[in-house]
Amino acid sequence: MQVLHIDSSILGDASISRQLSQAIVSQLQQKHKDTLQVEYLDLATQPIPHLTAEILMGQDAEQAALGEAILQQYLRADIIVVGAAMYNFGLPSTLKAWIDRISVAGRSFKYTENGPIGLAGDKKVYIASSRGGIYGEQSPVDFQEAFLKTVFNFTGVSDIQVIRAEGVNMGDASKQQALETAHQMISAL
Ligand SMILES: Cc1cc2nc3c(=O)[nH]c(=O)nc-3n(C[C@H](O)[C@H](O)[C@H](O)COP(=O)(O)O)c2cc1C
């Protein structure tokens with residue numbers, strides 16, 4: 001089975017979403033007895049260039065090849081583990097740049113007379129989410145988890161599990177509690 005592990009936090013070893021995404025991958029490796037093939041993208045240290053008109057129109061051969069590789073990597077993954085920090089109510093912009101490369105008409109989705117259809121096939125997505133404040137599941141100002149779920153859904157992926165640590169900037173006790181809850185969820189995967 002092919003796993004695509006993505007991190008996007010800018011905080012390196014201090015990052016909670018990185019800690020959680022790594023714990024999820026380790027747990028899956030244990031569960032599947034090391035039969036997983038893991039590909040890793042660190043979007044903070046190796047950001048994907050923003051989409052431009054030239055890239056979109058296929059006028060930049062190097063970027064077109066990179067986009068194709070990123071798209072194929074997404075399409076072939078059976079499991080996606082994505083570390084997603086909340087930055088200003090949304091995602092790190094590097095993760096948005098990745099989304100702009102995997103959302104490709106005719107490849108990961110298509111429009112029909114009855115609306116859009118996702119083409120990305122069966123996948124399981126784990127979102128390792130970290131947030132300074134507390135928002136829960138349905139906050140109107142959550143443009144982080146809700147956005148990611150919408151994008152994955154749009155490409156046809158509905159099996160999405162969020163492992164969340166939130167309230168991590170609300171004092172040590174809140175952070176410890178959030179980490180404990182998240183790691184318990186991971187142990188139960
Ligand atoms: C640039 C930046 C913007 C942030 N914006 C928010 C925010 O809008 N809401 C929030 O609850 N926390 C916010 N935070 C706090 C982070 O969500 C929190 O520190 C989280 O743990 C970040 O994930 P990481 O530990 O993987 O880097 C922000 C942090 C940074 C660095």
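The following paragraphs describe the sheet of this predicted model, its ligand site and a few residues in its loops. Local features are given only where pLDDT is at least 70, and side-chain atom pairs only at pLDDT 80 or more, whereas totals for chains, interfaces and linings use all residues. Residues are numbered from 1 along each chain as its sequence is written, and side-chain values use heavy atoms, with hydrogens and water left out.

The sheet is open and consists of 5 strands in the order β2-β1-β3-β6-β7, with parallel pairing. Strands (E, at least two residues) and helices (H or I, at least four) are DSSP runs numbered from the N terminus, and two strands pair if DSSP finds at least two bridges between them. The edges are held by β2 (37-42) and β7 (159-166); each has a single partner strand, so one side of each is left without a neighbour in the sheet. On average, neighbouring strands are turned by 15 degrees against each other, direction ignored; the axes are lines fitted to C-alpha atoms, and angles in general run from 0 to 180 degrees between N-to-C directions.

At the β2 edge, strand β1 (residues 2-7) is joined to β2 by 6 bridges, and the two run parallel. Within this pair, isoleucine 6 has leucine 41 of β2 as its bridge partner. The loop between β2 and α2 (53-56) contains leucine 43. Leucine 43 is buried, with a relative accessible area of 1%; buried means under 20% relative accessible area, exposed over 50%, and partly exposed in between, with a 1.4 Å probe and protein chains only.

Strand β6 (124-131) is paired on both sides. It is joined to β3 (residues 79-85) by 7 parallel bridges, with isoleucine 127 as the bridge partner of valine 82. A further 8 bridges join β6 to β7, again in parallel, and tyrosine 126 stands opposite glutamine 161 in β7. Because 8 of the 8 residues of β6 are buried, this strand is largely enclosed by the rest of the structure. In a regular strand the side chains alternate between the two faces of the sheet. In β6, Lys124, Tyr126, Ala128 and Ser130 point one way and Val125, Ile127, Ser129 and Arg131 the other.

The ligand is surrounded by 17 residues, of which Ser9, Ser15, Ser17, Ser130 and Tyr135 come nearest; a residue counts as near if one of its heavy atoms lies within 4 Å. The shell divides into 8 nonpolar, 8 polar and 1 charged residues. Both α1 (16-31) and β6 supply at least two residues of this shell. An N or O atom in the side chain of serine 130 lies 2.6 Å from an oxygen atom of the ligand. Backbone N or O atoms also approach the ligand: that of methionine 86 is 2.7 Å from a ligand oxygen atom, and that of asparagine 88 is 2.8 Å from a ligand nitrogen atom. On its own, the ligand has 620 Å² of accessible area, and the protein covers 79% of this, by the Shrake-Rupley method with a 1.4 Å probe.

Asparagine 88 belongs to the loop between β3 and α4 (93-102), as does phenylalanine 89. Most residues other than glycine have a negative phi. Asparagine 88, however, has a positive phi of about 45 degrees, and phenylalanine 89 one of about 70 degrees. With a relative accessible area of 76%, asparagine 88 is exposed, whereas phenylalanine 89 is partly exposed at 42%.

Methods:
A polar contact is a pair of N or O atoms within 3.5 Å; within protein, one must be able to donate a hydrogen and the other to accept it, and residues adjacent in sequence count only if both atoms are side-chain atoms. Ala, Val, Leu, Ile, Met, Phe, Trp, Tyr, Cys and Pro count as nonpolar, Asp, Glu, Lys and Arg as charged, and the others, Gly among them, as polar.
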